[in-house]
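Hi there,

Here is the structure I promised to pass on to you. Please open it alongside this message, and my notes follow below.

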Amino acid sequence: MPRIDFRRADAMIFAVAAYFALCVALRVFISPALEVDEGEQAFVSQFLALGYGPQPPFYNWLQYAVFEIFGVSLTALTVLKHLLLFLCCMFYGFAARIIIKNRSLAAMAMLGLLTLPPIFLLAQRDLSHTVSALFAVSLFLYGFFRTLRSPSLFSYLLTGIAVGIGLISKYNFALIPAAAVLAVLPERDLRQRIFDWRMIASLAVAFAIVLPHAYWIVHNLTSASASTIHEMKEGLSGGRLAQAFSGTGSLISAIFGASILPLVFFAVVFPFDIKRICLAESQWTRITGRMIVLCLVAVLLIVLGLGATHIREKWLALFIMLLPLYLCLKIDAAGIETTGKLKRFAIPLFIMIFAVLIGVSARVLTSPMLGSYNKLNIPYAAFVSDIMQNRSVEPALVITNDTNLAGSVRLQLPQSTVITTYSPLSPLAAGWRSAGPVLVIWRGDGEAEPVLPEGFRQKLLEDGVPSDEIVPLYSTPLYYLGKENDRYGFGYFWLTQEKP
């Protein structure tokens, strides 16, 4: 790895690239098992659809394309996510350079993204759709500030593309462009950018990108919204006033948790300038500050309107990611000397994020030592190897009742179609057994011989599986990197091929 000069602003992009490259290498190296979001992506990316459930489809479409081009593998899963995170940082840095005169501060704004837990922690454990939305926000900021500074048809179209991508990445992204428009309106010299004829072209591009999924939403509104609303109302009880207090408190706690690290990092680097920074103002601090406030106020109104009581930090990531840029704009407006500050900011930051990365990666080793196992220790590869050792042909179809299991098995059997009984994106049809061998699999909670769930059995019977063919077999491979004799049980059986 080349030596990074932390005094040079331009060198920071190479340091960020090196960090994400290491993230990819460690993830591919530590375990072939999949986390929850990874398993979901490996499963749903078999099929190209206008919608897949409660999350917009942009990340799924990207993953489908990557698998089609490079094949199904853990590397293909991991590279896509970290490439989007790198592009997020890169375009964020480009956006900062447009409105921040000091190159060191612009680089510091980009590095400030890495102080956000969804980027340096949660994304290393399990995030997907939020990652594409973070990228869309950065791309939007670049197009938006470029349009305000030096408007052109290209900048308007780029902004429209970012809006379209954002809306099919995460639905709450819609608050970002809405807040941006409202934030600019009080600025008399920039207001005409909103009413420029090229805005029509921008909106047209965004509309064209969103239209296919919007068509799906109209016909699947409950599927698109029910899960998120249910999560936000987790633990809901009491009257409306109690719900309002609980939801507001949860939102404040989430804002604090999401923003405390960037605030601490900047306070440590500029300990004697905090008052000047707070008092400093420019046109760009006003616009960015209004965007943050408007987004958070909108979230509060949503919380109160839905009676939500449980807000997660990662749901605020798209809005809190504006904070490092805002802080750097305040520092720039205050005219504070920044010589040596970039190095003081970057070195502790990289120490922290590398330490977190090592800690997250080491879970696969430390969990067994602590007497427990996590998802990365589940021996999917050993299970598939065990049941396939006497078979020369992969199953044409694998049926399960678990998305994570479905995705993990698909990674091991990339030529097989894998479906779940509750979300059969490729539904069973007449003659489905004539295509080749069919494998039915399930798992329990670590027991050696997991019982076939009754709901799964009933669904199989409804889909035409004869009851006399439901004869469970079991495989109990050792946990991946687990202690001796610690085993994980899978249930399975093969369906005899239908005679032509």
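Let me start with a detail in a loop: N485 is exposed, because its relative accessible area is 57%, over the 50% that the label requires. Please keep in mind throughout that this is a predicted model. N485 sits in the loop between β4 and β5, and its phi is near 75°, a positive value in a residue other than glycine. That caught my eye because most residues other than glycine have a negative phi.

The loop between β4 (473-475) and β5 (490-495) also holds L481. L481 is not a glycine either, yet it has a positive phi of about 60°. Is L481 buried, exposed or partly exposed? Its relative accessibility is 43%, so L481 counts as partly exposed.

Now for the sheet that these strands belong to. It is an open sheet of 5 strands in the order β2-β1-β3-β5-β4, and its pairing is mixed. At the edges are β2 and β4, each of which pairs on one side only. From one strand to the next, the twist averages 30°.

Strand β1 (residues 397-400) is a good place to look closely. Both of its faces are covered. L397 and I399 are buried on one side, and V398 and T400 are buried on the other.

Which strands does β1 pair with? One partner is β2 (residues 417-420), which runs parallel to β1 and is joined to it by 4 bridges. Within that pairing, T417 of β2 is the bridge partner of L397, and I419 of β2 is the bridge partner of I399. To get from β1 to β2, the chain passes through helix α20 (residues 403-412), and this β-α-β crossover is right-handed.

Another partner of β1 is β3 (residues 438-443), where 3 bridges make a parallel pairing. I399 appears here again, with V440 as its bridge partner in β3. If you want a single residue to centre the view on, you could try I399: it is buried, with bridge partners I419 in β2 and V440 in β3.

Helix α20 is worth a look from the side of the sheet as well. It lies across β1, β2, β3 and β5, and runs at about 130° to β3.

Finally, some figures for the chain as a whole:

- There are 21 helices and 5 strands.
- The radius of gyration is 25 Å; a compact globule with 500 residues would have one near 23 Å, so the chain agrees with that expectation.
- Along its principal axes, the C-alpha trace spans about 80 × 50 × 50 Å.
- Of the 500 residues, 52% are buried.
- Taking contacts between residues at least 6 apart in sequence, 78% join residues at least 24 apart.
- The chain exposes about 22000 Å², with carbon and sulfur atoms supplying 63% of that area.

If you have a moment, I would begin with the loop that holds L481 and N485, and then move on to β1 with its covered faces. I would be glad to hear what you make of them.

Best wishes

Methods
Residues numbered from 1 in each chain as written. Predicted model: local features only at pLDDT ≥ 70, side-chain atom pairs only at ≥ 80, totals over all residues. Heavy atoms only, no water. Buried < 20%, exposed > 50% of the residue type's maximum accessible area, 1.4 Å probe, protein only. Helix = DSSP H or I, 4+ residues; strand = E, 2+ residues; numbered from the N terminus. Pairing = 2+ DSSP bridges. Right-handed = clockwise from strand over helix to strand, strands pointing away. Rg over C-alpha atoms; globule rule 2.2 N^0.38 Å. Contact = heavy atoms within 4.5 Å. Areas by Shrake-Rupley, 256 points an atom, 1.4 Å probe, with all protein chains shown as cover. Axes fitted to C-alpha atoms, helices over the stretch in contact; angles between N-to-C directions.
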